[in-house]
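Reader: Got a few minutes to go through this one with me? I'd like to get the layout straight before anything else.

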Amino acid sequence: DQKEYIERIRSGGEALLALISDILEFSRAEKEKITLELRPFSLKHCIEESLDMVAIQANDKGLNLAYTISYGIPDVIIGDHGRLRQVLVNLLSNAVKFTDAGDITVSISSKAIIGNKRQITFTVSDTGIGMPQEKMDRLFKPFTQLEYVISRKRDGAGLGLAICKKLVELMGGQIWAESV
């Protein structure tokens, strides 16, 4: 019994720590106090790290994790490794949270834009429950969850995707969702 109580306390503490961390990160993003560290890093390593961070939860649910990198994308890119990983882990965590069976895949593609610069597109896809089209406009807004009942079963404060949006925009990109 004591072990179970301690596990509940630990789990609750981790949930509170994650919530506080999200609120602080969102506050920094709102005040535009986040700076990017632009350095060369391995794209493949960043993807694998991100997948590793959700692998235990995915395995517990029997989900398959995979990634593909299109031909022609350099392994070493210049950007903020930590912020990119933060966005990917958040998207992957949501995919694991809302997928009860099947697959979660990260796909990376790119296209040339100017000279040797490339626009890199990251796609996180899953076989989860999906989202109603009429509620998609609320998805990246702070403190918003699409379905209160579903979200209460799955936890979360509704800040993760708002933080992702701020970070992606800070990196000069766009983020959106599609659901079938």
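Author: Sure, one term to begin with: helices (DSSP H or I, at least four residues) and strands (E, at least two) are DSSP runs numbered from the N terminus. This is a predicted model, where local features need pLDDT of at least 70 and side-chain atom pairs count only at pLDDT 80 or more, while totals for chains, interfaces and linings use all residues. Residues are numbered from 1 along each chain as its sequence is written, and side-chain values use heavy atoms, with hydrogens and water left out.

Reader: Fine. How many helices and strands are there, and in what pattern?

Author: The protein has 5 helices and 5 strands. Going along the sequence you get α-β-α-β-β-α-β-β-α-α.

Reader: What's the mean pLDDT?

Author: It's 81, and 77% of the residues reach 70 or more; pLDDT is the predictor's confidence in each residue, from 0 to 100. Watch residues 148-154, though: pLDDT stays under 50 there, and the model gives that stretch 10 contacts (heavy atoms within 4.5 Å) beyond four places in sequence.

Reader: OK, the sheet. What's the strand order?

Author: It's an open sheet of 3 strands in the order 2-4-5, with mixed pairing. Strand 2 (64-69) and strand 5 each have a single partner strand, so they're the edges, and one side of each has no neighbour in the sheet. From one strand to the next, the twist averages 15 degrees.

Reader: Which pair is parallel and which antiparallel?

Author: Strand 2 and strand 4 run parallel, joined by 6 bridges, with leucine 65 opposite isoleucine 104 in strand 4. Strand 4 (residues 103-112) and strand 5 (residues 118-126) are the antiparallel pair, with 9 bridges. Pairing here takes at least two DSSP bridges between the strands.

Reader: And what stands opposite serine 107?

Author: Threonine 123, in strand 5. Those two strands form a hairpin with 5 residues between them, and glycine 115 in the turn has a positive phi of about 60 degrees.

Reader: What about arginine 118, which strand is that in?

Author: Strand 5. Arginine 118 has 36% relative accessibility, so it counts as partly exposed; that class sits between buried (under 20% relative accessible area) and exposed (over 50%), using a 1.4 Å probe and protein chains only. Leaving out neighbours within four places in sequence, arginine 118 is in contact with Gly72, Pro74, Ser110, Lys111, Ala112 and Ile113. The C-alpha atoms of arginine 118 and isoleucine 77 are 9.7 Å apart, though 41 residues separate them in sequence.

Reader: Switching to helices. Which strands does helix 3 lie across?

Author: Strand 4 and strand 5, and helix 3 runs at about 20 degrees to strand 5. Angles run from 0 to 180 degrees between N-to-C directions, and axes are lines fitted to C-alpha atoms, for helices over the stretch in contact.

Reader: How do helix 2 and helix 3 pack?

Author: Helix 2 (residues 43-60) and helix 3 (residues 81-97) have their axes 9 Å apart, at an angle of about 35 degrees. Among the residues making that contact are Ile47, Leu51 and Val54 of helix 2, and Leu84, Leu88 and Leu92 of helix 3.

Reader: Is asparagine 90 buried or exposed?

Author: Buried, because its relative accessible area is 18%. Asparagine 90 is placed in helix 3, and beyond its neighbours within four places in sequence it's in contact with Gly160, Leu161 and Cys164.

Reader: Which residues of helix 5 are buried, then?

Author: In helix 5 (residues 160-170), Gly160, Leu161, Ala162, Ile163, Cys164, Leu167 and Val168 are buried. Just after helix 5, glycine 172 takes a positive phi of about 85 degrees.

Reader: Where does threonine 99 lie?

Author: In the loop between helix 3 and strand 4. Threonine 99 is buried, with a relative accessible area of 0%. Not counting residues up to four places away in sequence, it touches Lys61, Leu63, Ile104, Asp126, Thr127 and Gly128.

Reader: Last bit: what share of the whole protein is buried?

Author: Buried residues make up 27% of the 180. As for contacts with a separation of 6 or more, 68% are between residues 24 or more positions apart.
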